[in-house]
Amino acid sequence: MKAKKWLTLGMTILASAGILAGCGKSSSSKAPAADDTVKIMTKDVIATMDSSLNTDVIGAQAGSDTMEGLYRYEGKELKPGIATKVVKPTNNGLTYTFPLRNAKWSNGDPVTANDFVFAWRRTVDPSTKSQYAYIYEGIANAKAITAGKKPASTLGVEAVNAHTLRVTLEKPISYFNELMAAYFYFPQNPRTVKKWGKKYGTNSKTLVFDGPYKLVNWDGPDNTWNEVKNDSYWNAKAVKVKKLQYQVVKDPTTALNLYQSNKLDDITLTGDNAKQMRGSKGYNAQLKNSTSYIEMNQRHKTIFRNKKIRQAISLSIDRQQLTKKVLGDGSRPSDTFIPKGMSFDPTDKTKDFTQETDASASKYARYDPKEAKKLWKEGLAETGNTGKKFNFVLLGDDTDIAKKQAEFLQNALEKLPGMKITLSNVPFKTRLSRSNDGDFDMVMTGWNADFPDPINFLTLQVSKAAYNRGKWSNSTFDNFVNKSLTDDANSPKKRWQDMKDAQDVLNEEQGIVPLYQQGDAHMTKSSIKNYAVTPNGSYNTVLLRLQK
Amino acid sequence: MGKYILKRLGYMIITLFLVASITFFMMKLMPGTPFSNQDKLSAAQLKIMNEQYGLNKPIWQQYLIYLGNMLHGHFGTSFQFNNQPVLQLIVSRLKPSLLIGAQAMVIGSLLGILLGAVAAVNKNNWVDSLATFVSILGISVPSFVLAVLLQFFLAFKWNIFPIALWTDWKSSILPSLALAVSPLAQTARFMRTEMVDVLNSDYIELSKAKGNTRWQTVVKHTLRNSLIPVITILGPLTANILTGSLVVENIFSIPGIGEQFVKSIMTNDYPTIMGLTIFYALLFMIMLLITDILYSVIDPRIRIAGKENN
């Protein structure tokens, strides 16, 4: 037995040495062959290419490469796609009329307004079973249609003529233009969808494309797929890379080996590999529109209703250490709920939302253990708990990284006098169902933006929101959020101010305790240019360049 | 023989029914829904989705519907892969797993039998010690550690095989080798123990007395008689390896079935969980049946239909 143990240990060390030796080879890597192909690692397979059914980022990226909706992000700017311009609403923000260009599907059919009408109606129709149908709420009758109370034909979208699409909203949606770049609003070719029925989107034969690339030889759950330049794309001239080759690689060490052997041009790093490669040539980290945070259950644990207690919890966490030492994957400390680099002041596009709310954010989401202890004591006194001991359960996922993160938080929070933290790391689905049932004291959770606007986050924390699992409730915050959605919805400036005011309240109150903005650490060959994530989470591959 | 196989097939159907039933009810006890963005769906939206998929019906009704569909050969469509039939999903993912699994079994069991036999024949000398060392090494070193080592030295450093990526047959060699280590080690250990026993039997002495050479004795009498216990372990081992290894598949980026099973459980993909469980159970039972049939082929003294004995 002893011999076996030594042997296992020896082999493990040998294996680790091998991995480390591999990591050290980055300097010797050569540029990829200039064959007009960019080889990109992806973390998972495409679940579906049907824009009515897809829910994940992999499908969204393949969708963004091969299809096009009304707009497309270029950097942080929204640019016309199938629409000829970024339009302004009329009728008090209720009507959007999009002029469409002469674009073609890869089968030669013209892309018409009716293709949008067809796709959108199909998505909201309950029989399609779209999990993203809710994102259409706000378009006239969408909610009633998804609830099965009205037919899909009553959706507030119509083809005025082949090249004019008109959308009618129930209430103004100030971020409606941003939504139009997302894959769930893409058009569909009715002829193709009808021809393939349920098979539509399950393999490349069942698809036609109106985007920069065409998906070829993809058959359902394949680990690899190719996208070749679509000559029928209206902006084909701007597309310079002839082929994109995506490869699913799940093991980070394998990914690094493939990158260093020039089999892949861009890889995502995680865990120890990300930490090791930080600072080396080709390393870069991209931030996602996603925030990780702690919710405290105010319904079951009345002590969390005290502001100073929440502030003390927030001030005891060293987010720099958490992101650098524990995560090491390019994530950045968050002192606020809204991700950085996602939304910008409508009157001055250079100003980030987080920059404008930084004064209130940095006050209670910095690391200050001394102040934390002071506020904790004051909070205990205010709630009549001085000298009492508390044992809270911190609920989190059961992945390795989530466990490490939980241990870090446990260590930080137990520095508050009388505080004991018990960890409960469970599978993702269990965490969700326990959160929904209110079966937790504190929970580590996160939110990925559906669209790049602060309101997508802020609405989660209004008193009656289903996603407000901690049940933090503040009427001032609710009023600001509500005003931004109603009275001020048509005034970008006032609306922006409402959201900033709401965020200031949330920051001051620490209704949720922000932890970090999730990052993606990459290794990218120097020959790859313009490969950057856009505000809606996808890469714009029209702009991708391969330097020979 | 035919009667025996028919009887076994009958048992298999009953077992499959039990496996399917137990899995179905246990699966429904798992928390969560099969909707990938369940955390973003409100209670009202969730209710609509459940109605659309018939998940709002009482569990016994869902069970009867599933059984009915199964009898008609319909295993439903996957939740992870919208609208992909589960059967098609299993078939497409099975091919790579079967290939590397089968190669691993052939390499592992043949080398294992050889190694065990050589060790037994050379009992207590250095050849035996070396063989024992190799088999202990094989049992002690997890396949994923070997996979990383093989990948690093044979692919990354010396560039003999592809690092990963499922392109051609060459891509299957390293994962097969990594997977082969376990059957190799286990077969070698069983083979050695059994063969040492057989070598001490009276009929071996008789064979020697008849003037057969050492190798004639080993090949004619010992090898064949030692294979029985080896075959006993090979059945389940084959079923195990053919159904894929999540870790080895991940290391070599193989689009196999191992990962699908784990992922289907993690995502509450009910139809895929059911389809794969039934498939695994079926494969396991078939392997056991083949094992039993092989017994009688290798050792005619064993009659699988016991009543035929005198």
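**Entry 1: a helix pair in chain B**

I began with two helices of chain B and noted that H11(B) passes H12(B) in a left-handed crossing. The model is a predicted one, and I read every entry below with that in mind. I then looked up which residues make the contact. On the side of H11(B), I listed Ile257(B), Gly258(B), Gln260(B), Phe261(B), Ser264(B) and Ile265(B). On the side of H12(B), I listed Thr272(B), Ile273(B), Leu276(B), Thr277(B) and Tyr280(B). I sorted the residues of this contact by character and recorded 6 nonpolar, 5 polar and no charged.

Next I looked up the geometry. H11 covers residues 257-266 of chain B, and H12 covers residues 270-298. Their axes come within 9 Å and cross at roughly 135°. An angle over 145 degrees would count as roughly antiparallel; H11(B) and H12(B) are therefore oblique to each other.

**Entry 2: the nonpolar cores**

I turned to the buried nonpolar residues. In soluble globular proteins, nonpolar side chains tend to be buried together. I found that the largest nonpolar core has 131 residues. The residues with the most contacts inside this core are Leu70(A), Phe98(A), Trp120(A), Ile139(A), Leu165(A), Val167(A) and Phe176(A). I asked which element gives the most to this core. I found that H12(B) does, with 10 residues.

I also recorded a second, separate core of 62 residues, which includes Ala104(B), Phe161(B), Val248(B) and Tyr295(B).

I then examined Phe98(A) more fully, leaving aside its neighbours within four places in sequence. Its contacts include Leu70(A), Leu165(A), Val167(A) and Phe176(A). I also noted Tyr71(A), Val87(A), His163(A), Thr164(A), Asn177(A) and Met180(A) among the residues in contact with Phe98(A).

**Entry 3: Thr37(A)**

I located Thr37(A) in strand S1 of chain A, which covers residues 37-42. Is Thr37(A) buried or exposed? I found a relative accessibility of 8%. Buried means under 20%, so Thr37(A) counts as buried. Not counting residues up to four places away in sequence, Thr37(A) touches Lys243(A), Gln245(A), Asp265(A) and Leu546(A).

**Entry 4: Pro85(B)**

I found Pro85(B) in the loop between helix H3 (59-71) and helix H4 (86-121) of chain B. Its relative accessibility is 33%, so I entered Pro85(B) as partly exposed. Not counting residues up to four places away in sequence, Pro85(B) touches Gly76(B) and Thr77(B). Lastly, I looked up the separation between Pro85(B) and Asn225(B), which are 140 residues apart along the chain. Their C-alpha atoms are separated by 46 Å.

Note on methods: Residues numbered from 1 in each chain as written. Chains lettered and ligands numbered in written order. Predicted model: local features only at pLDDT ≥ 70, side-chain atom pairs only at ≥ 80, totals over all residues. Heavy atoms only, no water. Axes fitted to C-alpha atoms, helices over the stretch in contact; angles between N-to-C directions. Helix = DSSP H or I, 4+ residues; strand = E, 2+ residues; numbered from the N terminus. Parallel < 35°, antiparallel > 145°, perpendicular 65-115°, else oblique. Left-handed = near helix turned anticlockwise from the far one by under 90°. Contact = heavy atoms within 4.5 Å. Nonpolar A, V, L, I, M, F, W, Y, C, P; charged D, E, K, R; others polar. Core = buried A, V, L, I, M, F, W, Y, C linked by side-chain atoms within 4.5 Å. Buried < 20%, exposed > 50% of the residue type's maximum accessible area, 1.4 Å probe, protein only.
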